[in-house]
Amino acid sequence: MTDTHTAPQRSLPLSLLGLGDMGTALARTWLAAGHSLTVWNRTPAKAGALAAEGASVAATAADAVAASALVVVCLLDDASVGVTLDGIDLTGKDLVNLTTGTPAEARARAAWARQRGARYLDGGIMATPTMIGVPEAGGYVFYSGSRALFDSRRAVLEVPTGSRFVGEDPGHAALHDVALLSAMWGMFAGISHAYALIEGEDIAPKDLAPLLSEWLGAMGFFVGNAAERLTSRDFTSGVVSNLAMQVTGSGTMLRTAEEQGVSTELVTPYVDLLRRRLAADPAAHGREDTTGAVLLLKR
């Protein structure tokens, strides 16, 4: 009997549960690559177009799971995964969960899957649906959990987009996902504040845009610099613009916002954090860069 964990990848059937925008994009790439795909969605109408493209449509989630050894889930949230798979036999299945969730949810879901006889891999998709199936778009999926599952199914999983395995702790894919998204949101907040400052002035947003992109790119060094400082706990060596200077300078930034009639709600929390770090020990922390503020965030 053929071992489904080691059989040639293109001969293995694949099941996908969840046909939202992301699920549909994933499905189309697997179909285009010639994979045998069974799909299921709570709203059956969403499967119609995929059926026309060659997908087999399962009447129930249980039928979809039974159809393939490799089962990919891309649903609304972790609760949806639990409800959808409740009571379904997962013995011997490879369950890949691409549903957005927290690290704790991923760890609990991994234990839940193991108790039901399945290997488990959690995924955090770092791409929009339009980036799926477009290698040059640069999207990828963080994966964590069973290394054996990842290694044996990697060729199939990388059909839609790239992959990056980040450890056997099932929660690490979600943690990497949210860490990157958190940095993105912070950047978006800063960009929003910058554009608000010039609103109503004789400065066109399109003229500020290249300057803003160039400046943010130049500040990219801080990412690696902060990583090194957090590892060594040396926050003072080679500092050019120290925390004391940064806190003093923040006053000008806040006053400018006030003059321009712009709320400081997007930047004040960070300024307050830097002030708190400095106030704790002005002599010691004043010579640091701003990385030490990270330590105040950890409860």
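**Close-up views of a predicted model**

**View 1. A nonpolar surface patch built from three helices.** Met187, Phe188, Trp215, Leu216, Met219, Phe221 and Phe222 make up a nonpolar patch on the surface of this predicted model, with a combined accessible area of about 680 Å². Patch members have over 30% relative accessible area and no salt bridge, and nonpolar side chains (Val, Leu, Ile, Met, Phe, Trp, Tyr) are joined within 5 Å. A salt bridge is a side-chain nitrogen of Lys or Arg within 4 Å of a carboxyl oxygen of Asp or Glu; areas follow the Shrake-Rupley method with a 1.4 Å probe, with only the protein chains shown as cover. At least two patch residues come from each of helix 7 (172-198), helix 8 (205-218) and helix 9 (221-232). Helices (H or I, at least four residues) and strands (E, at least two) are DSSP runs numbered from the N terminus. Leu216 belongs to helix 8 and is partly exposed, because its relative accessibility is 34%. Buried stands for under 20% relative accessible area, exposed for over 50%, and partly exposed for values in between.

**View 2. Helix 4 and its surroundings.** Helix 4 (residues 78-85) is largely enclosed by the rest of the structure, because six of its eight residues are buried. These are Asp78, Ser80, Val81, Gly82, Thr84 and Leu85. Their cover includes strand 1 (14-17), strand 2 (37-40), strand 4 (70-73) and strand 5 (94-97), along with helix 3 (61-67) and helix 5 (103-115). Gly87, which follows helix 4, has a positive phi near 80°.

**View 3. Aromatic pairs.** Three aromatic pairs are found in the whole structure. Tyr140 and Phe142 are edge-to-face, because their ring centres are 5.1 Å apart and their planes are at 80°. Tyr140 is buried at 12% relative accessibility, and Phe142 is buried at 5%. The Tyr143 and Phe150 pair is tilted, because the planes are at 45°, with the centres 5.7 Å apart. Both Tyr143 and Phe150 are buried, and they form one aromatic cluster with Phe165. Rings of Phe, Tyr and Trp (its six-membered ring) pair with centres within 6.5 Å; planes under 30 degrees apart are stacked, over 60 edge-to-face, and the rest tilted.

**View 4. Arginines over aromatic rings.** Arg164 sits over the face of Tyr140, 3.8 Å from the ring centre. Arg109 sits over the face of Trp112, at 4.6 Å. The criterion is NZ of Lys or CZ of Arg within 6 Å of the ring centre and within 35 degrees of the ring normal.

**Notes.** Residues are numbered from 1 along each chain as its sequence is written, and side-chain values use heavy atoms, without hydrogens and water. In this predicted model, local features need pLDDT of at least 70 and side-chain atom pairs count only at pLDDT 80 or more, while totals for chains, interfaces and linings use all residues.

Conventions:
Buried < 20%, exposed > 50% of the residue type's maximum accessible area, 1.4 Å probe, protein only. Contact = heavy atoms within 4.5 Å. Patch = residues over 30% accessible without salt bridge, like charges linked within 9 Å, V, L, I, M, F, W, Y side chains within 5 Å.
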